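Work through the exercises below with the sequence and the structure side by side. Each task is followed by a solution that proceeds step by step.

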Amino acid sequence: MIFFTFLLVGVGGFLGAVARYSASQYFNENHTFRLPSATLFVNILGSFLLGLLIGKGTSEMWSLLLGTGFLGSFTTFSTFKLEGIQLHVDKRRKDFILYNVICYGGGILLAFVGYEIGRLFA
């Protein structure tokens, strides 16, 4: 059973990492926003999807595959922190504040919205 658990998380993590890389490539090539848009997008989307997953009350198998594996790998707290530090070091105070408000506030809000939508379909 423990092997199956690791396999689910590993497969989900692999797919999430590939999706994260693809999103980064797309945003870096196609958008010129003032804020680090790829990280902002994946973290906000990941918050919503995790809320949806939890609100729906998925089985342990799906939670491991999609929640822990895919979304755990797709979203990125470390890159978010690094990009925030870079905005601060570059003295982009307004962008730094906006980025943090959107990521934290938007992430919490969308996780809640996803959770409520998931409960509707549970």
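## Exercises on a predicted helical chain

The accessible surface of the chain in this predicted model comes to about 7,900 Å², and 72% of that area belongs to carbon and sulfur atoms.

**Exercise 1. Describe the overall fold of the chain, its extent and its pattern of contacts.**

Solution. Begin with the secondary structure, which comes to 5 helices and 0 strands, so that the order along the sequence reads α-α-α-α-α. Next consider the extent: along the principal axes, the C-alpha atoms fill a box of roughly 50 × 30 × 25 Å. Then turn to burial, where 33% of the 122 residues count as buried. Finally, among contacts with a separation of 6 or more, 74% are made by residues 24 or more positions apart.

**Exercise 2. Test whether the end-to-end distances of α1 and α2 agree with the span expected at 1.5 Å a residue.**

Solution. Helix α1 covers residues 2-30, and its 29 residues should span 42 Å; the C-alpha atoms at its ends are 42 Å apart, so expectation and model agree. For α2, the 20 residues should span 28 Å, and because the end C-alpha atoms lie 28 Å apart, this helix agrees as well.

**Exercise 3. Identify the buried residues of α1 and α2, and state which helices they pack against.**

Solution. In α1, the buried residues are L8, G12, G13, G16, R20, A23, S24 and F27, a list that includes the charged residue R20. These buried residues pack against α2 (37-56), α3 (60-74) and α4 (77-89). In α2, the buried set includes S37, A38, T39, L40, V42, N43 and I44, and further along the helix G46, G51, L53 and G55 are buried too. The partners of the buried residues of α2 are α1, α3, α4 and α5. Just after α2, G57 takes a positive phi of about 75°.

**Exercise 4. Which residues form the largest nonpolar core, and which elements give two or more residues to it?**

Solution. The largest nonpolar core has 7 residues, namely L35, L40, I44, F80, L87, Y99 and C103. The elements that give two or more residues to this core are α2, α4 and α5 (93-120). One of the core residues, Y99, can be followed through its contacts: leaving out residues up to four places away in sequence, Y99 touches L35, P36, T39, L40, F80, E83, G84 and L87.

**Exercise 5. Are the loop residues L35 and K91 buried or exposed?**

Solution. Locate the two residues before comparing their accessibilities: L35 lies in the loop between α1 and α2, whereas K91 lies in the loop between α4 and α5. The relative accessibility of L35 is 12%, and because buried means under 20%, L35 counts as buried. For K91 the value is 72%, and since exposed means over 50%, K91 counts as exposed. Two further details complete the picture. Apart from neighbours within four places in sequence, L35 is in contact with D95, L98, Y99 and I102, while K91 has a positive phi of about 60° although K91 is not a glycine.

**Exercise 6. How far apart are the mean positions of the positive and negative charges of the chain?**

Solution. The chain carries 9 positive and 6 negative charges, and the mean positions of these two groups are 8 Å apart.

Note on methods. Residues are numbered from 1 along each chain as its sequence is written. This is a predicted model: local features need pLDDT of at least 70, side-chain atom pairs count only at pLDDT 80 or more; totals for chains, interfaces and linings use all residues. Side-chain values use heavy atoms; hydrogens and water are left out. Helices (H or I, at least four residues) and strands (E, at least two) are DSSP runs, numbered from the N terminus. Buried means under 20% relative accessible area, exposed over 50%, partly exposed in between (1.4 Å probe, protein chains only). Contact means heavy atoms within 4.5 Å. Accessible areas come from the Shrake-Rupley method with a 1.4 Å probe; for residues, only the protein chains shown count as cover. The place of a charge is taken as NZ of Lys, CZ of Arg, CG of Asp or CD of Glu. The expected span of a helix is 1.5 Å times one less than its number of residues. A nonpolar core is a set of buried Ala, Val, Leu, Ile, Met, Phe, Trp, Tyr and Cys residues joined through side-chain atoms within 4.5 Å.
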